[in-house]
Amino acid sequence: MPLLTVTDLRTWFHTRSGVYRAVDGISFAIERGETLGIVGESGSGKSVTCYSLMGLVPQPPGRIESGTAVFDGTDLLHCTPREARAIRGKRVAMIFQDPMTSLNPYLRISEQLIEPLLIHEPVSRRDALARGVAMLEAVGVNDAANRIHSYPHEFSGGMRQRVMIAMALITRPELLIADEPTTALDVTVQAQILELIKRLQRELDMAVIFITHDLGVVSGLCDRVQVMYAGRIVETGDTRTLFRSPRHPYTRALQRSIPSLQAKGAALFTIPGLPPDLSQPIQGCAFAPRCEHASAMCLAGTPALAESEPGHAHACVRAQAGEI
Amino acid sequence: MPNPILELTDVKTHFPVLSGFVRRRQVGTVKAVDGVTLAVERGEVLGLVGESGCGKSTLARTIMQLVPTTAGTVALNGRNLSACSPAELMQARRDLQMVFQDPYASLNPRLTVHATLAEPLRVHRVCPPGQIDARVAELMRLVGLSPGFLRKYPHEFSGGQRQRIAIARALALEPKVIIADEPVSALDVSIQAQVLNLLSELCRRMHLALIFIAHDLSVVKHISDRVAVMYLGKIVELGPAVEVIERPRHPYTRALVSAIPTPNPEIERTRQRIVLAGDPPSPLNPPAGCAFHPRCPFAQDRCRAAAPPLAADGPVREVACVRRDEI
C-alpha cells in the first residue's frame, strides 16, 4: 500500500478577480522510501499541491474543492485538527525554497530546531538539545554544539538550508516534501545539499516529494517524475523512461529548451506564448494554444491521463491516438 | 587582442568596512574585485561566471562606473572612464548599457513602457522630439513586442516580457557594449530560452559586445564566445567557452562544471561528481595564497604561499593555478 495516496485534489483560490484553479484534479501516490519529482513552471500548481497536503493553503481565499490525501490510513484533508497535528511536522515534514525567509530571525537556531521535538515527543529540553546538535552534525554543520546557539543571520545561505533540513528531519519523518530547496543556492552548494538529501533519505528510509523546475536536478535524484502544467499532471513516469521517451508535447518542449542539451550556436527551442490564465475556464487541453501539434481534437475535451506503457502515463490525446 | 572595445587593466574595487557608532573607524577592507585584467572585442559575448559573492556584479558596476574604482583603469574605446568628468562619463555611457537581473525591480512601476523607453532618448537628445514615438515603436519591434503595448505599465507584463522591455531600454541609445547581470535567472526555462535567443540574435545583428553574467554554466556555454570564471574577486580561468567548460583546467572550474546536474538520468547517475566542502571564504578575510586552496582537493604548501597569477595556458586560454600541468 502506498504511503500517501492523493486522489482528485482540487485547490481553487476565490479572489475578487475570479476563481483561480491552481490545482485542478490531480491524483498520485508515493511509496515508502521513494523519491517523486514534481516538475513545472511557476504557476503550474506544484507548490500549491504540497501546501494543500500540509494544510498551509490560506483559507480564504483558498479552498480545497475536492479530493482526498490518504497518508497511512488518515485523510490529511478531512481529519480532525488533532489528528492532523500528530502527522504534520512529525511524520510529514517540509522544507521551503527560501532559507533566508523561512527561519525566524528573532530566535536562536536552537529554539527553532528543537521546537518540533518538544511538541511531538515527550523529551526533556536537554535531550532535545542534544538531538538537535547531533542532527546539525548530521547535516554537515561544523562545531554544531556552539553554532546551535547562533541566530539565523550568522549562517550563510547554504548553512541555513542545512538548518532547515535538520529541522524537518529531527522528528524522523516518513515523508519529506522539499519545495525547490536548492533554487536560491549556488551550484556548488546545490550539489552539497542534493548529496545530503540523498544520504539522509537512505539512512531514514523516507519518501521524498521533490518540487523543482530544474530537469537536471530531477534526473539525478528522483525515481519517478510527474510534469505539471496549468494545475494538472500532463505526464508521469519512471525518470529514465520519461527522459528517454517523453510523450507529451509539453515535456518534450521543456526538454528541448534546456541550453545544455542543445548544439551551441543554434537558436534555442522556445515554447511560443505564455501559460494560460487560470482564472478563466480552459477549453480542452491547457497546452493546446502553445503546442505545435495542436489540432481540433485537442480542444474538444479535457484530456485524461492514460498509460502508454506500464507506469508511464500522459495526457495528450494526439499522442494517445498514436498521431505524434 | 586587436582594438578591443572595452579594456580593463588590473581593476580593483575595494570597500572599506566601518565600525563604531559615533566615531567611525575603518576596521577592514572587502576586496570585491581584486586585480581583473580583461578585454572585450566588438561583437563578442563574454560570459562571466562564479558563485554569489565572488564579485561578478561588483565588476559589472565598476565597468559602469556605478561604484568608484580603487585602482586600475576601465577603458571604453580607448578612453579611461575612471578619469572622466561627469559630463564625459554621461557621454560615454551612451555606449555602455546595462540589463539587470530582476525585471520586476528594474522597471519603474509608475512609468508606461513608452515613458520608460523614451527617457534615455530625451536625456541624451539622440533624436528630435517628433521622432521619439517612431523610435520607441521600432525598439518594441526589435525585442519582439507589439508597439500596441506602449501605453501599458510594467505590472501588466509577464517576467519574460518585462525583461524584453529592459533590453529595449538598454538598446535605445544604440550602445556598443551591454552588460547583462543574470538576465535570465529569474525566468522560467521556456521563457529563459526566448530571452537568450533574443540576446544572441541582437548581438549578432547589431555587432554588440555583451558581458553576460550568470551562475548557470550551461546557459553561459550556450551564449558566450569566451568565458571568465571568477573566484573571490579574481579571474581564475579565461578562454573560449566550449573549451573552458568541456576541458576545465582550474580545479575550481572543474568543481563548478561537475556541480551542474545534467538532465539525462543515464549520465547523471553514473558520473563522478566533485562536491566541494564548505562555502566560499569571506572576502573580508581571504585566505593567504591561492584563495581557493582551503576547498581545493589538490592544494599543496606552495598554493598557500603565494597567489598564482593568471598566466597564459596555450594560445587562447589563461589559468591561475600553479599545479595546472600536474593535475
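Which helix of chain B holds Arg302(B)? Point 1 takes this up. The model is predicted.

1. **Arg302(B).** Arg302(B) sits in helix 11 of chain B, which covers residues 301-305. Is Arg302(B) buried or exposed, or in between? Count its neighbours: 13 other C-beta atoms lie within 10 Å. A buried residue needs 20 or more, and an exposed one has 12 or fewer. Arg302(B) is therefore partly exposed. Now look along the chain to Val322(B). The two residues are 20 apart in sequence, and their C-alpha atoms are 8.2 Å apart in space.

2. **The sheet of chain B.** Chain B has an open sheet of 8 strands. Trace them in the order 6-7-8-3-9-10-12-11. The pairing is mixed. Strand 6 (96-99) and strand 11 (311-313) of chain B are the edge strands, and each of them pairs on one side only. On average, neighbouring strands of this sheet are turned by 25° against each other, with direction ignored.

3. **Strand 3 of chain B.** Find residues 45-49 of chain B. Strand 3 is mostly covered, since 5 of its 5 residues are buried. Check both faces. Val45(B), Gly47(B) and Val49(B) are buried on one side, and Leu46(B) and Leu48(B) are buried on the other.

4. **Partners of strand 3.** Strand 3 of chain B pairs with strand 8 of chain B in the parallel sense, over 5 bridges. With strand 9 of chain B, strand 3 also pairs in the parallel sense, over 4 bridges. Gly47(B) makes a good marker. Opposite Gly47(B) in strand 8 of chain B stands Phe212(B). In strand 9 of chain B, the residue opposite Gly47(B) is Val227(B).

5. **Strands 7 and 8 of chain B.** Strand 7 (residues 177-181) and strand 8 (residues 209-214) of chain B are joined by 5 bridges, in the parallel sense. One pair to locate is Val177(B) with its bridge partner in strand 8 of chain B, Ala209(B).

6. **Helices across the sheet.** Helix 5 of chain B (residues 159-171) lies across strand 6 and strand 7 of chain B. Helix 5 runs at about 175° to strand 6 of chain B. Helix 9 of chain B (residues 251-259) lies across strand 9 (226-231) and strand 10 (234-240) of chain B. Its angle to strand 9 of chain B is about 105°.

7. **Chain A as a whole.** Chain A has 12 helices and 12 strands. How does its radius of gyration fit a compact globule of 324 residues? Such a globule would have a value near 20 Å, and chain A has 21 Å, so the two agree. The C-alpha trace of chain A spans about 65 × 50 × 40 Å along its principal axes. Buried residues account for 49% of the chain.

8. **A helix pair in chain A.** Helix 3 (residues 109-120) and helix 6 (residues 157-169) of chain A pack at about 30°, with axes 7 Å apart. That angle makes the two helices roughly parallel. Helix 3 of chain A brings Ile109(A), Gln112(A), Leu113(A) and Pro116(A), which meet Val163(A), Ala166(A) and Met167(A) of helix 6 of chain A. By class, this contact has 6 nonpolar residues, 1 polar and no charged.

9. **Where the chains meet.** Here 38 residues of chain A are in contact with 32 residues of chain B. Helices 7, 8, 9 and 10 of chain A each supply at least two residues to the side of chain A that touches chain B. Helix 7 of chain A gives the largest share, 7 residues. This side of chain A has 16 nonpolar, 16 polar and 6 charged residues.

Methods:
Residues numbered from 1 in each chain as written. Chains lettered and ligands numbered in written order. Predicted model: local features only at pLDDT ≥ 70, side-chain atom pairs only at ≥ 80, totals over all residues. Pairing = 2+ DSSP bridges. Axes fitted to C-alpha atoms, helices over the stretch in contact; angles between N-to-C directions. Contact = placed C-beta atoms within 7 Å. Parallel < 35°, antiparallel > 145°, perpendicular 65-115°, else oblique. Nonpolar A, V, L, I, M, F, W, Y, C, P; charged D, E, K, R; others polar. Rg over C-alpha atoms; globule rule 2.2 N^0.38 Å.
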